[in-house]
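Q: I'm new to this structure and would like a close look at one buried spot in it. Could you walk me through that part, then show me how the rest looks around it?

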Amino acid sequence: MAVRRPAAPVPLMPAVNRHPHPVRLVPALLAAVMAWSGLSAGPARAQSVAASGMPVAAAAPRDYRVPAGALDAALAQFAEAAGVTLLFEQASVASLRSAGLNGRYTVQQAIELLLQGTGLEAVGRGTGVYALRPVPGALLLALPTIEVIGQAENDPKDEVYRTAGSRNVLTRDDIERFRGTSVGDIFQGMPGVLVGENRNSGGLDVNIRGMQGQGRVPVLVDGTRQETTVYRGYAGVASRSYIDPDLIGGLSVEKGPTMNAQGTGATGGLVIMRTIDAEDIVREGKDFGIRLRGTAIGNNSGSVPGPGTPAGYNTGSASGQTSGVFRTDCVIASLCEGPFDLANADGPKESMNRPSMLKPRSWAGSLALAKRFEMVDVVAAYARRQQGNYYAGTKGPVPHLDLSDRLNRGFYTEVRPRLEGATRFRAGEQVVNTNFESESYLLKSRFYLPGDHETELSFMRYDSTYGEMMPSQLLWLGQVRQTEGSHVDARTYAIRHRWNPEGNPLYDVKVNLWHTDTKSLNRNYSDEGLNLGFGSGSEKYRRWGLDLSNAMRFDRLGGIRLEYGLSLQRETVNGTAQGNELVGSGGRSGNRREVSAFGNMQWRVLPTVTLDAGLRYTRFRSADDKPRVVDAESAYCVNPGAGGYCDPIMMTSKQSGAAPQLSLLWEPRPGLQFYARHAEALRMPSLFETTSGFSVSPSQDIHLKPEHATSREIGVNLLKDGLWRPSDKFRLKAAYFRNHTNDYLTRTFPNTWEEGSGKQFFSLRNIESVSFHGFELSGSYDAGTFFISGGATRYTFIETCHFGSYRRYTCTDYGIANSYVNNMIPPNWHASATAGVRLLDRRLTMGLRGTFMGKRNQVPAFNDDTQQGLNAVVPWHGYQIWDLFASYRINDRVSVDFNIDNLTDRYYLDALSLGLVPAPGRTARLSVTMQF
């Protein structure tokens, strides 16, 4: 829900029936400070601290621990702890020190002690706002700059280092700085977070510590969920959510189960995105704003080649005529012509016409407008991007053809090329089907209503046409070809309301009503000469949701905070298929309902100890609308007829259960925290998992149970300002986690004793468990002129366990035959580091980011279980990627960003790349942003 605007200090603004704009509050505060300092013509309006009208919460004594040291650092730490705003001249406190605080004080007492012996005093400027000035009789100083420090000015990234658990935050600046080529590139560098199938479709399929797909990591956009499951051939499925990065105002990633209204089923974690608000568009002091952004993208074909255009090495004629056998040394030239010509194995020359680095052929742009009225903010935005196929890198483990397998047939020599390397694409080659174009629309309004009510209405549409790269095509069909465009149209609608009455701690009510409507058309193969029983499939996927919650504070009972709520969701899918009979059975049709209730209590047991405990109850019911036909031998046969067939069966599923969460946080000194967390979550079977389709169908005699995830984590947070310099900032977080999921839902072989054995390829079932244990580290240091940050994840234990037919080992660290989990297992380690400088009065920011990816767990040379199935493990090499960035703010209206991604032109396959698609090579990108 939208964050309420902070109330203005009473002496500075007249009372109105709404919350004032922050952009109006700042000039008012500055004007007031200038007034008492003598810099304005009006008389000073200072009042004593005792008469400032402090609220009861601020007047009540509280425990504070502020170490002795530089006065500005002490004031900043106190303002953050007390939730107040302090106004002062930076120069006037630069050389002063404070004895600090250690005890129980009111705000007034605490400020007096902090300022003791400094020659300064504080005067109230309204509720929770104080200005520092020399004591009466002292010489008044000019105020060249005013620094505002308070709770509202906190860096949102600091919450990462104040949490009893793991999370990451991306601001709007982060997203613009590291936009990348694919949408999922904005997550690059997050410890423990990867994006599966990042080079296909423009969709997001987020993996958090090994958990991915089927609602394990919901992606929320303004509180809505639009995730759809897309068929990816025998290799599996992908879960996709869609949004244009230009419309993202910020996002956070919660790792592990969460206890809020929208965290139902989030066994892996939660991605929470907000679209841009008026605050992102309107400049300070204005009530109307325009933001115009344009981007030129290099390393791109621009236009898209026609369907059927080949690329990559050809180890088997795309027409299927030669079965991968070519000829050379022909006695008669005609014997080596046509499909038998060995030159055909090398791939076409046209796909090697890579443009120069600084010659952009693709582009993206957006236009956003916002107007702030007295009682409402209105935002309208449009974004469009058009990208052709990108080109692979040239350095590193590039693939090649081994032509040593030769057999002399007398009149000619047969050659059977063998591909050496992870993919079919050559170094520097155009990667077909990586093209996409999209249009996005956003309409949004926020109403500030009497009685501390806020209501937000939003609508967003994402419409995209893209190339679809099927893993099966890359693995088995010889030469790769450009397909016709697939299409997705995703629409989201949301009404969000919040009531948080000032001064009443018993009500912080949030209501979120939303609906998403996603229509998709996925084209699998363009080469009609190979009729393997696959075609195109379209699907209509709809969700409706309602989330209700309330938070209550009981300050007199030791700082207890109680939150409780309810969440309801309904989903429907109606799929159709085009092609032969095999594909004709692929379209899914069904519906699903889920209700969840939760309660969570946060209690400050001691001034330094906080306990957090909660419980969530979930119930679901799903119905498959496609009748299942069984024969007379089936135990589920009803009314067998003369032909041996029985009445069709309509399958339904329903389950319920509860899961707790508990955490303990100890803060022995301000900024230093130790925590332990135990969190459980239930994920009920998804709509995909409980309906029938070509990829996999539920079985009558396999009753699906909910996944039960248990996440345990211990860690330490360190947040320190003024570490070596008065204004520097040091942040560090270290954690050890053990994530274990019982009854993990996935696809496997049918067991020989089950009814589906011998009659179907796959079975959807609960396997015993999957586990991911490891360490995670993140931190940053910002000294103003220069800054560094980084993070790393190291897995110490990975295990997948399943007891069933065709299994040599119950547990492995690399996967299970035919299971989706095979290509969701992250590398054993990955890390990133960023270093940068701010020059020219901080108008120029430039730096370098390194991304380091380890290898995936290797499959054994012999007895590899995954080789029995149709989705073997996709290997990738370890890689190091360097990205250069520079941002220059020409003035307060115009800024320019320049990036070179993959500076060393590395050839690599992304971790979790299901489709064997190499990542982009060296790519230059230039963006210009203008705000009026």
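A: Let's start with Asn 857 and the company it keeps. Leaving out residues up to four places away in sequence, Asn 857 touches Ile 798, Asp 813, Tyr 814 and Asn 828. This is a predicted model, by the way, so read every value here as computed from it.

Where does Asn 857 lie? You'll find Asn 857 in the loop between β44 (844-853) and β45. Don't let the word loop fool you: Asn 857 has a relative accessibility of 8%, so it counts as buried, the cut-off being under 20%. There's also a pairing across the sequence to look at: Asn 857 and Ile 825 are 32 residues apart along the chain, yet their C-alpha atoms are 8.0 Å apart in space.

Follow the chain onward and you get to Ile 890, in the loop between β45 (879-889) and β46 (894-901). Ile 890 has a relative accessible area of 37%, so it is partly exposed. Ile 890 also belongs to a nonpolar surface patch of about 410 Å², together with Leu 839, Leu 840, Met 846 and Tyr 888.

Now for another buried loop residue, Gln 214. Its place is in the loop between β11 (206-208) and β12. With 9% relative accessibility, Gln 214 counts as buried. What is Gln 214 in contact with, leaving aside its neighbours within four places in sequence? The list is Glu 227, Thr 229, Val 237, Ser 239, Arg 683, Ser 686, Phe 688 and Glu 689.

On the other side of β12 (219-221), in the loop that leads to β13 (224-225), sits Asp 222. Asp 222 is buried as well, because its relative accessibility is 4%. Its backbone is worth a look too: Asp 222 has a positive phi of about 50 degrees although it isn't a glycine. Most residues other than glycine have a negative phi. Asp 452 also has a positive phi, near 65 degrees, and isn't a glycine either. You can find Asp 452 in the loop between β27 (436-449) and β28 (453-466).

Next, a sheet. Three strands, in the order β20-β25-β24, form an open sheet with antiparallel pairing. At its edges are β20 (326-328) and β24 (406-408), each pairing on one side only. Ignoring direction, neighbouring strands of this sheet are turned by 30 degrees against each other on average. Zoom in on β24 and β25 (residues 413-415), and you'll see them pair in the antiparallel sense over 3 bridges. Within this stretch, Leu 407 stands opposite Glu 414 in β25.

Finally, step back to the whole protein. Its secondary structure comes to 8 helices and 47 strands. Of its 932 residues, 55% are buried, and Asn 857 is one that counts as buried. Take the contacts with a separation of 6 or more: 71% of them are between residues 24 or more positions apart. As for the outside, the accessible surface comes to about 37600 Å², and 57% of that belongs to carbon and sulfur atoms.

Technical notes:
Residues are numbered from 1 along each chain as its sequence is written. This is a predicted model: local features need pLDDT of at least 70, side-chain atom pairs count only at pLDDT 80 or more; totals for chains, interfaces and linings use all residues. Side-chain values use heavy atoms; hydrogens and water are left out. Helices (H or I, at least four residues) and strands (E, at least two) are DSSP runs, numbered from the N terminus. Buried means under 20% relative accessible area, exposed over 50%, partly exposed in between (1.4 Å probe, protein chains only). Two strands pair if DSSP finds at least two bridges between them. Axes are lines fitted to C-alpha atoms, for helices over the stretch in contact, and angles run from 0 to 180 degrees between N-to-C directions. Patches are made of residues with over 30% relative accessible area and no salt bridge: like charges are joined within 9 Å, nonpolar side chains (Val, Leu, Ile, Met, Phe, Trp, Tyr) within 5 Å. Accessible areas come from the Shrake-Rupley method with a 1.4 Å probe; for residues, only the protein chains shown count as cover. A salt bridge is a side-chain nitrogen of Lys or Arg within 4 Å of a carboxyl oxygen of Asp or Glu. Contact means heavy atoms within 4.5 Å.
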